[in-house]
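Hi,

Here's the structure I promised to pass on. Have a look at it first, and then read my notes underneath.

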Amino acid sequence: MAELYDSIKTIKGIGDTRAKAFASLGVESLYDLLSFFPRRYEDRTSFVPIALTGDGDQVCISAVAAEEPRLTRIRKGLDVVKFKAADESGIVDITYFNQSWMKNNIHRGEEYVFFGKIQASGRHRTMANPVFEKSGKTDGVTGRIIPVYRLCKGLNQKAVLQSIRCGLDSVSTFLPEIIPEETVIRQQLCRVTYAYENIHFPSDFSALENARRRLVFEELFVLACALGKIRSGRIAGEGIRFFMPDISEFYASLPFSPTRAQRRAIDEALKDMCSGLAMNRLVQGDVGSGKTLVAAALIWAAFKNGYSSAFMAPTEILAEQHTVTMQKLLSPFGIEVLRLTGSMTSKEKREVKIVLASGKALLAVGTHALLSSDVEYSNLGLVVTDEQHRFGVNQRSALIEKASGAPHVMVMSATPIPRTLALIIYGDLDVSIIDELPPGRQKVDTFSVNSSYRERLNAFIRKQAANGNQTYIVCPMVEDNDDPEAASYTAGLKSAEELTAELRVLLPELNIECVHGRMKAKEKEALMNAFSAGEIEVLVATTVIEVGVDVPNATLMIIENAERFGLSQLHQLRGRVGRGKNKSYCVLVSDAEGEDVKARLDIMCKTNDGFKISEEDLRLRGPGDFFGSRQHGLPEMHLADLGADTNILKAAQDEAKSLLSSDPELTEPNHRLLHDRIEAMLKQNTSFN
Ligand code: ADP
Ligand code: MG
């Protein structure tokens with residue numbers, strides 16, 4: 001008897017060749033095969049009288065062949081079998097192209113079921129290449145809902161169907177139920193065997209719906225349990241109880257007055273930190289809403305309480321910039337701000353590490369380097385991570401585990417995350433939303449143009465410089481590449497270095513520099529500092545500047561090959577301008593044709609609302625691609641639609657939470673299978689680790 005995690009080769013009819021083809025689709029074990037869900041379904045259940053069919057309908061008709069099929073050769077390489085079929089309501093012309101054998105399969109006077117697409121003009125109807133079977137004979141190709149699978153070379157629908165049928169038959173009696181019995185009953189889920197049977201071979205639409213709901217639930221439930229286990233160290237744990245500092249002292253030191261939304265977020269966080277429980281809060285605010293200030297206020301509060309803070313950013317440039325900002329905001333209070341990034345020399349790092357371990361209350365700003373095993377923190381009271389979705393689930397936990405107790409945690413997200421995804425990625429976080437921009441900000445006017453606008457663009461760059469403002473130009477690729485494979489990808493793309501050289505010739509009076517991912521951190525840093533200081537008028541860059549960079553004097557953002565970027569990414573990039581008092585612009589340059597590209601760029605021109613944009617993005621790209629699965633660290637979903645299955649997700653999370661609270665390690669015997677499934681999932685998704 002087959003085991004669930006056995007190779008699919010144990011199934012009758014799957015040999016080496018077919019197994020290889022399946023492997024290229026990611027299907028290796030029997031379990032993979034059963035979880036290889038249909039991409040869509042064809043409804044072959046509805047029988048329609050011929051006279052009632054309309055142009056373009058996909059229908060089954062039950063009709064008698066009214067004549068013997070005729071084979072006609074139209075030209076070399078094209079022949080056609082043709083005949084009329086009729087039911088009581090009307091007649092349809094049926095044709096098969098290049099399937100001469102059909103002539104012998106259909107016989108005058110016999111009744112068949114045909115499934116296909118109707119072409120109608122006036123009263124005349126035709127159907128080309130329909131699937132058919134003899135009436136009354138149920139080969140299962142008509143009269144039912146047919147699953148349609150993703151295919152690859154070496155696999156056709158029939159082969160997949162057949163393999164799955166055999167797979168189901170070989171396990172039907174022992175498919176394990178991994179969802180606890182109470183949950184199955186409470187959530188009114190159908191049985192696992194029924195679910196797998198009906199997701200592949202639905203007996204009708206309500207069975208399909210039931211099957212789908214159960215399997216989506218299972219997928220999200222396992223995910224929620226896995227994430228819950230990872231987080232369990234800090235769920236609703238006791239935390240350090242801060243005393244409430246007088247925040248007006250901090251506000252009084254600022255060059256501006258915090259917005260109402262910033263004050264509210266700060267108040268909410270302070271309340272958490274003084275509650276005795278560990279804070280676990282997401283601060284979500286559109287680009288430019290001033291999240292950094294919220295972080296600074298909390299770091300200040302931790303310091304007032306005698307605790308250190310760690311502030312983690314996703315890139316070196318951002319860590320550097322946050323260091324400078326924090327020094328400005330916090331050194332007046334005597335808070336020492338240290339930077340720790342991967343590019344520092346080991347001597348520099350060693351010096352920083354000594355101070356970090358010294359017991360003094362301070363602030364460490366850095367990248368992943370903050371997590372390395374030889375970094376020790378004394379009295380870490382607060383952990384802030386910026387642009388959160390770029391860190392894997394476990395990287396966050398790693399920083400938290402560095403504290404001796406349970407530190408307060410605040411995560412800041414610039415990309416407004418649709419509610420469903422936020423629930424999954426952050427679990428039980430409390431959320432503060434900064435729904436207000438600092439005063440005086442104007443909408444960034446956005447235009448979509450093609451490269452025929454090049455000259456006008458250059459004039460526009462010159463104009464910004466004449467007004468004392470600066471320009472960013474973002475390119476998708478670094479440089480021309482000798483590697484032929486990369487070259488075909490780069491073809492037509494403006495590389496940052498090429499463009500820089502070009503512009504230096506065209507705009508000789510301007511200082512134009514180029515910053516990209518392959519530069520040394522020190523060089524990048526120097527260039528960014530020079531740009532911040534206004535010494536560079538035009539900064540050509542790859543997406544290293546995508547997140548967080550804050551130079552209020554920059555007023556023009558030009559994005560080359562804009563079609564290459566996701567909407568959320570474009571919004572992030574656009575957020576680099578419009579941060580100061582001066583009117584700012586974003587120009588999307590693209591020569592790409594195609595309705596979908598136009599539609600996407602159009603959304604950017606129409607709205608500045610990050611939330612709308614991210615929902616559009618989710619809709620257009622699907623959740624798997626939303627942040628890039630590597631970035632959000634989630635496994636790929638087979639069936640669940642993270643953008644749409646909100647209710648099931650909520651239920652799955654509630655069930656996971658109550659299960660984990662009664663059996664946190666899932667050691668009870670009847671949770672064994674669930675435990676194993678989660679372990680398998682964690683092992684497969686290295687981003688968890
Ligand atoms: P983001 O939320 O994108 O991280 P930042 O924290 O970088 O935004 O803030 C964007 C800019 O707005 C910075 O230059 C910051 O100094 C400025 N800023 C933040 N809060 C205020 C405020 N209340 N009034 C005026 N300017 C502000
Ligand atoms: Mg920021």
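So, how far is an oxygen atom of ligand 1 from a polar backbone atom of glycine 290? The model is a predicted one, and in it that separation comes out at 3.0 Å. The neighbouring contacts are worth a look too. A polar backbone atom of serine 289 lies 3.4 Å from an oxygen atom of ligand 1. On the side-chain front, an N or O atom of aspartate 550 sits 2.7 Å from a ligand 1 oxygen. As for burial, ligand 1 on its own has 560 Å² of accessible area, and the protein covers 85% of that.

Zooming out to the shell, there are 17 residues around ligand 1, and the ones that come nearest are Gly288, Lys291, Thr292, Arg441 and Asp550. By character, the shell splits into seven polar, five charged and five nonpolar residues.

I also checked a helix pair. Packed helices get described by the angle between their axes and the distance between those axes. Helix α10 covers residues 291-304 and helix α11 covers residues 316-330. Their axes come within 11 Å of each other and cross at roughly 55°, so α10 and α11 count as oblique to each other. The crossing of α10 past α11 is right-handed.

That's it from me.

Cheers

How values were computed: Residues are numbered from 1 along each chain as its sequence is written. Chains are lettered from A and ligands numbered from 1 in the order in which they are written. This is a predicted model: local features need pLDDT of at least 70, side-chain atom pairs count only at pLDDT 80 or more; totals for chains, interfaces and linings use all residues. Side-chain values use heavy atoms; hydrogens and water are left out. A residue is near a molecule or strand if one of its heavy atoms lies within 4 Å of it. A polar contact is a pair of N or O atoms within 3.5 Å; within protein, one must be able to donate a hydrogen and the other to accept it, and residues adjacent in sequence count only if both atoms are side-chain atoms. Accessible areas come from the Shrake-Rupley method with a 1.4 Å probe; for residues, only the protein chains shown count as cover. Ala, Val, Leu, Ile, Met, Phe, Trp, Tyr, Cys and Pro count as nonpolar, Asp, Glu, Lys and Arg as charged, and the others, Gly among them, as polar. Axes are lines fitted to C-alpha atoms, for helices over the stretch in contact, and angles run from 0 to 180 degrees between N-to-C directions. Helices (H or I, at least four residues) and strands (E, at least two) are DSSP runs, numbered from the N terminus. Angles under 35 degrees count as roughly parallel, over 145 as roughly antiparallel, 65 to 115 as roughly perpendicular and the rest as oblique. A crossing is left-handed if the near helix is turned anticlockwise from the far one by less than a right angle, and right-handed if clockwise.
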